[in-house]
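Please read this short report on charged side chains alongside the structure, finding each residue in turn as it is named.

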Amino acid sequence: MTRPRFIFRMAPLFAAAGLWGQEDPKPAPAAPPVEANPATVETDGPVQLLERGRAAFAANDFAGAETALEKFILDYGAAEEAKEAARLHRPLVAISKVGLKKFDEALKWIDESLLDPKIEKPLSDELRFWRGICLMTTGELVGAQRAFGEYWSDETHNAFKRYEALLLFATLYLQQDFPAEAADFLESQLPQVREASPEAASRAVVLELHCRLVAGQHDHALAVIRREHANLGSMTQVISFQSLALQLGATFLDEKRYHDAITCLQRIWPRQRLIDYQNQKIAEIGERIAMLEARSNTQGTVFQLRAILGRVERELENFAKTENFDSALRLRLAMAYQGLGRYRESALILEDMLASMPPDPLVESATLAQIQCWMETKHWTRAVAAAERYEEVFGDEGKSLATVLFLKAEALRENFDHGAAQLAYGELVERFPKDPFAGKAMFMQGFLYLQQDDNEGALYQFDQVQRQYPDSDLVEDADYWSGMAYSFSALYEEARSHLEGYLKRHKSAKYRKEATFRIAVCTFSLADYPGAIEKLEAFNDAYPGDPLTDEANLLLGDAYFSEGKNDEGFAAYERVRPESGRFFEDAWFKKGNALKLLEDLPAMREHFAKFVADHPASGRLPEAVYWIGWTHIQEDEFGRARDIYWKTIEDLGDDPDRHTMTDLLAGLPKVYQSGGAAGREELVTKLRLLKARAGVQGKTTLALRAGWALSLVAAGDAARIELLDITKWVNPRIHEPTISVAVAEAQWLSENRLLAKQLFTEIRRWHPRAVERDRIYRGLGEIAAAGGETEEALAFYERFERETAASVHLGEVRMKMADLLTTAGRGDEARATLEKTLETAGVTAATKAEVLLRLGQSHVADQEHEKAIVYFERVYVAYGKFGEMNAKAYWGRGQSLEQLNLRREALETYEEMIAREELADFAEVADAKRRIEILRREFPPAPASAPVINGEGGE
């Protein structure tokens, strides 16, 4: 029988590709049936079987080839004349069974074929490769690995299949649970593979990285990523490699190995670049296949390339479905930076990511992370912007909206945008009343009121926390801070009572120490000095060494001195520790004041000189210098006082932290008083030169202070002009409220309402506890009233009344309140306000006289003349020295008496009025004279009594 030559030409078509089990070769259409020889009647004879088998094999009809050729060999192969044909066709049966995935059967036929000493090299090469595949698929892993190892080690084998054998050899290590050995083997063989076949090497790299990850060899895997990053441009399966890199980066992130995570993640390409690159590789493989198909004897290579192409296409198809790849990558990279505490880099990565990516769950998580990062870096404005972007993009569907609203409110609060922060907290409570953040948001609203000195608003919010969220962890906090709100409002009796109740309501109170201390402070503020001493000493005994004991000792010193126990007072001040900062300085200055009261000038001067020497960085150093100069002034040493004052001003006057520089500047007129008018002119000249020089040198704080000092010695409108001129240098955040408030008042008096309001508001924002807050509230109230905002004005005046009750301006403010209430038709409230003013200690006689006059006038407006005449009379009886108000009071009383038809009494009131010579120049006197002339017609003066004539007719 003649050996069919085509057998050897067709055999390579069925060679395995790199991923041998991915897709079965597609059988070609069945070959047309071989026509029977009309002279032959046999259809299943050896010739027919061979012809049919060869035709089927040529057409890739493995089933037909297997049936015919196997039957030929089994039925006729033993015959001597058929042995050669059986030998030649046995490998085709083996290959057909491989094509049909009958690997166990194929193995037997392959082994028999390989026993043939005459088998040609190309066919032997093919069968040895497939023998490994058969062993592998039938579970003979050790045998399969040996087969592939032998194939790889024999350099005479087909080069393309050798690299596949290499990969399969390593894969079998992996299947036998030896991933480290697989990776080590691949790494050892890579140099020679990379030189001969970069494409195969790239797939070996991917497999090595996979094995390193499976083996848990994360450091080795990182080394692979570093080593191969430069070779990405020649890698066939770049998507697989980059996906594994992402997996390793995520692992490092979980292990908190943030630097290594960044190393991995920074080397990963964006999704679209990966897709574009992989499409380019697919096109290159396709072009190579087309080129090889045009050549002869390349079918085996083509088949393997098609298998590789199929694998890469499937990888690309699967990868294209992962829409969140970029967001996952950037989110992990941002989390790595966040883990390192590099929040700014993290936030910037997220910001860039969010600007270019459509919304998805990962983007939502990233937005939340970005907000948190900006919060960590204290970029409050950016945190707010990120939160608002989250609201805009995700709206009510955002799973973290409640958290975002809370963070937004926190950022606004930290940025001192209190109004917007309160709205954000309120929005959270309104939209998510059941959310865990809701109770905290309501509490923070109350705390925000405290920060704005709106203690009444804080009390309301804290009460709502306890009512609406009784199970919240912040109920106790709300209870405690309610007591503090009373204390901040100077309602010391209410504060003490509330905090005592707090300690009873919470047996394990977490603010026990603070509440105990505040109760003692309230007792001191109520001027119960014996009680305060007892409580403060008990606090010191209960909490020795606590930071609060410094303030306690400061108050103890005041209390002992108030009780005349000077030695105990000095001892208490001495116990205030230097590390307490402000309290230590307060104690030092209080000791100095005590020495002043004791008139021990040398000791006082030495005391403050020691402070200057020991605490040169203190903000109160200028105040100490002032008192040193004061002692010199008392001894008529004006020159020495001037010298130390000016030296300190020149050296430290531009430092905003030297906040008591105003004490020194305000003391300058005293050191020039001995020079009279010339001394005053000298001072003005020096201050003008100082202001001009500082302005040119850019020392704006010094220039500001010099201008303010000029306003103190200027006359008339010149003082206001000086304050207007230094407005350009005022920064309420860093400058003393003493100066800023004066400038704001000057702007208000000059009718620059908006600027004045802005300054008052900023001063209040940065210095809520400033001594000048009474002037701030008064100024804001007057501005609101001038703008027709009655309720806002009343709110400011009420806060003035509540929180600065000791102010000398209280009477003036209450009268303004009364005017507003009267205008608003709330006469009873207006009168009640005025009545309170009469009972307030510290209100001037002039103010009380005006209050009485206004009360009388208010009753006149309501036609209540009986009540009005009482107030009018009280004015000129109790406050006779105030001419204008006396004249108005007399006139008002006379008018009301006339309304009551008590015309004679009215005439008497007018006559009493004109009898007072000091009232002669007031218009009301002229009016009274006209009324007297009219009333005397009705009530003429009684005639003088006639003399008694004794005589006739007389007695």
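## Salt bridges in a predicted model

Arg-582 is exposed, with a relative accessible area of 55%. In this predicted model, Arg-582 forms a salt bridge with Asp-586, and the closest N and O atoms of the pair are 3.7 Å apart. Asp-586, by contrast with an exposed residue, is buried, because its relative accessible area of 18% falls under the 20% cut-off. Both residues belong to helix α30 (residues 582-597), where they lie 4 residues apart, about one turn of the helix.

A second pair within one helix is Arg-937 and Glu-933, whose side chains meet in a salt bridge at 3.8 Å, N to O. These two residues are also 4 residues apart, in helix α48 (residues 923-938), and about one helical turn separates them. Arg-937 counts as exposed, since its relative accessibility is 64%.

Which parts does the pair of Glu-792 and Lys-757 tie together? The side chains of Glu-792 and Lys-757 meet in a salt bridge (3.8 Å, N to O). Glu-792 lies in helix α41 (residues 790-803) and Lys-757 in helix α39 (residues 753-766), so the pair ties together parts that are 35 residues apart in sequence. Glu-792 is partly exposed, at 30% relative accessible area, and Lys-757 is partly exposed at 30% as well.

| Salt bridge | N to O distance |
|---|---|
| Asp-586 and Arg-582 | 3.7 Å |
| Glu-792 and Lys-757 | 3.8 Å |
| Arg-937 and Glu-933 | 3.8 Å |

Over the whole structure, a search finds 80 salt bridges. Some charged residues are linked in a network of salt bridges, among them Asp-184, Arg-194 and Glu-228.

How values were computed: Residues are numbered from 1 along each chain as its sequence is written. This is a predicted model: local features need pLDDT of at least 70, side-chain atom pairs count only at pLDDT 80 or more; totals for chains, interfaces and linings use all residues. Side-chain values use heavy atoms; hydrogens and water are left out. A salt bridge is a side-chain nitrogen of Lys or Arg within 4 Å of a carboxyl oxygen of Asp or Glu. Buried means under 20% relative accessible area, exposed over 50%, partly exposed in between (1.4 Å probe, protein chains only).
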